[in-house]
Amino acid sequence: MECKTLSNGMHIPIVGLGTWQIIDRDTVLDVIKNAVQLGYSFIDTAASYSNELSIGRAIHVLGLERNKLVLSSKVWNTSRGYEKVQQACKASLKKLKTDYLDSYLVHWPVSPKLHENWEELNAETWRGMEALYKAGLVRSIGVCNFKKRHLDSLSKIASQLPMIMQSEYHPGMNADEVKSVIDWCMKYNVVMQASSPLGNGQILQNETIAKIAAVHNKSTAQVCLRYSVQKGFIVVPKSVTPARLKENLAIFDFSLTDDEMKTLDCLPFCGGLNLDSDEVTQFE
C-alpha cells in the first residue's frame, strides 16, 4: 500500500477503511476482518459514528497487531475546549482498547452562526489537541471540514499546525472555497484526506465519469478514488461488501490522463453532502 508522509514523518496508507454508518458490531467485525485480509491497515472512525466500541472489540477478537494498524478517530462538537477534548480522546482510547491513536481530528469547526467567539473556541480545542500530541496519546493531530478562514485563524495561535485536513472531496467539488483549502494545505504541508470520496449513489451514475471509467475498464467508483489520489488526497471510502472493498484498493494500476483530470475538475456538483461548515448548526 502506498503511503502519504505527514509533516512529522508519520506514514498513513493512501486508501483507508471508512466506517461511517457501520454500527452493528457483527457487521463491523466482518468488515474489518475482510478489509485486513485484503490489505487495509488504516481504519477511520469518530466518536459520533457510535462504533468505536465495536471496532475495539473487532481488533481484539481478530487478534490484530496494534502496531500494524493506523487508527484514526475524531472529537465531536459537544467535547470542544482544552479539557473536554482530552477527556473525549481518553474515552475513545478506552472504547478502542488502545493506548494511543495514530491520528485524532477535530470533527467540525465552531459555527459562527451559533457562537460569536468561534475563533476562541476553536483555539481552545486546538490547544487541547496539542496537549494530547505532546503527551504521546496521539501520534498526529488534524482537523475536518475547516474552511480557509478557520485554518488561517488556527495558524495564528497554533504551536503545531494541523498535520491532516479531512473533508468531503470527489469529482464535482470544484468551488473556489474548496480550491483555497487545497492550496492552503499544499502550502503548509498538510496531508489531505477525502471523506465521502464517492459522494453518494448519484455521483456513481454520472455519465461523464462512466465514460472515463469505460476507457480504463474500471468502475465509476475507482475513477472517483483515483481522481482524489492523483490530486494528492488520502481516500477513506466506506463499504461493507468484500467485492467493493477489494475494488476500492484496485486503483494503483492505472492513471487518469491530464485531459481526463481537467474534465473531472470541471464537473458541476453531481452528488454528495456538500455541507458548509459555516452554516452547519444541527450538530450542536
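Let's start at Val143: leaving out residues up to four places away in sequence, Val143 touches Leu105, Val106, Trp126, Leu151, Leu154, Pro162, Ile164, Met165 and Gln166, where contact means heavy atoms within 4.5 Å. Keep in mind that this is a predicted model, in which local features need pLDDT of at least 70 and side-chain atom pairs count only at pLDDT 80 or more, while totals for chains, interfaces and linings use all residues. Residues are numbered from 1 along each chain as its sequence is written, and side-chain values use heavy atoms, with hydrogens and water left out.

Val143 is also one of the residues with the most contacts inside the largest nonpolar core, along with Leu101, Tyr104, Met129, Leu256 and Leu264; that core has 66 residues. A nonpolar core here is a set of buried Ala, Val, Leu, Ile, Met, Phe, Trp, Tyr and Cys residues joined through side-chain atoms within 4.5 Å. Buried means under 20% relative accessible area, exposed means over 50%, and partly exposed is in between (1.4 Å probe, protein chains only). Helix H8 (residues 220-230) gives this core its largest share, six residues. Apart from it lies another core, of twelve residues, including Phe42, Val70, Met163 and Ile164. In soluble globular proteins, nonpolar side chains tend to be buried together.

Now for the sheet. It's an open one with eight strands in the order S3-S4-S5-S6-S7-S8-S9-S10, and the pairing is parallel. Strands (E, at least two residues) and helices (H or I, at least four) are DSSP runs numbered from the N terminus, and two strands pair if DSSP finds at least two bridges between them. At the edges sit strand S3 (17-18) and strand S10 (233-235), each pairing on one side only.

Around Val143, strand S7 (residues 141-144) runs parallel to strand S8 (residues 164-168), joined by three bridges; the bridge partner of Cys144 in S8 is Gln166. Strand S6 (residues 103-106) is also parallel to S7, again with three bridges, and Leu105 stands opposite Gly142 in S7. Ile141 and Val143 point one way from S7, Gly142 and Cys144 point the other way, and all are buried. In the loop between S7 and helix H5 (148-155) you'll find Asn145. Its phi is near 65 degrees, a positive value in a residue other than glycine. Is Asn145 buried or exposed? Asn145 counts as buried, with a relative accessible area of 19%.

Moving along the sheet, S4 and S5 pair in the parallel sense over three bridges, with Phe42 opposite Val70 in S5. Six of the six residues of S5 are buried, so this strand is largely enclosed by the rest of the structure. Both faces are covered, with Val70, Ser72 and Lys74 on one side and Leu71, Ser73 and Val75 on the other.

Some of what packs here comes from helix H2 (residues 52-62), whose buried residues are Glu52, Ser54, Ile55, Gly56, Ala58 and Ile59. These pack against H1, strand S4 (42-44), strand S5 (70-75) and helix H3 (82-96). After H2 comes Gly63, with a positive phi near 65 degrees. From the H1 side, take Ile32, in helix H1 (residues 25-38). Ile32 is buried, with a relative accessible area of 2%, and beyond its neighbours within four places in sequence it is in contact with Leu17, Ile43, Ile55, Ala58, Leu62 and Leu64.

Back to H8: why call it enclosed? Ten of its eleven residues are buried, so H8 is largely enclosed by the rest of the structure. The cover over those buried residues includes S9, helix H7 (207-216), S10, helix H9 (242-249) and helix H10 (258-265). Just after H8, Gly232 takes a positive phi of about 105 degrees.

Finally, there's the second largest pocket, with a volume of about 170 Å³. On a 1 Å grid over the protein atoms alone, a pocket is an open set of points where a 1.4 Å probe fits, with protein on both sides within 12 Å along at least five of seven lines, and lining residues have an atom within 4 Å of a point. Grid points are joined across faces, edges and corners, and the volume is the space filled by probe spheres set on them. The lining includes Tyr169, Met173, Asn174, Tyr227, Lys231 and Asp265, and its largest share, five residues, comes from H6.
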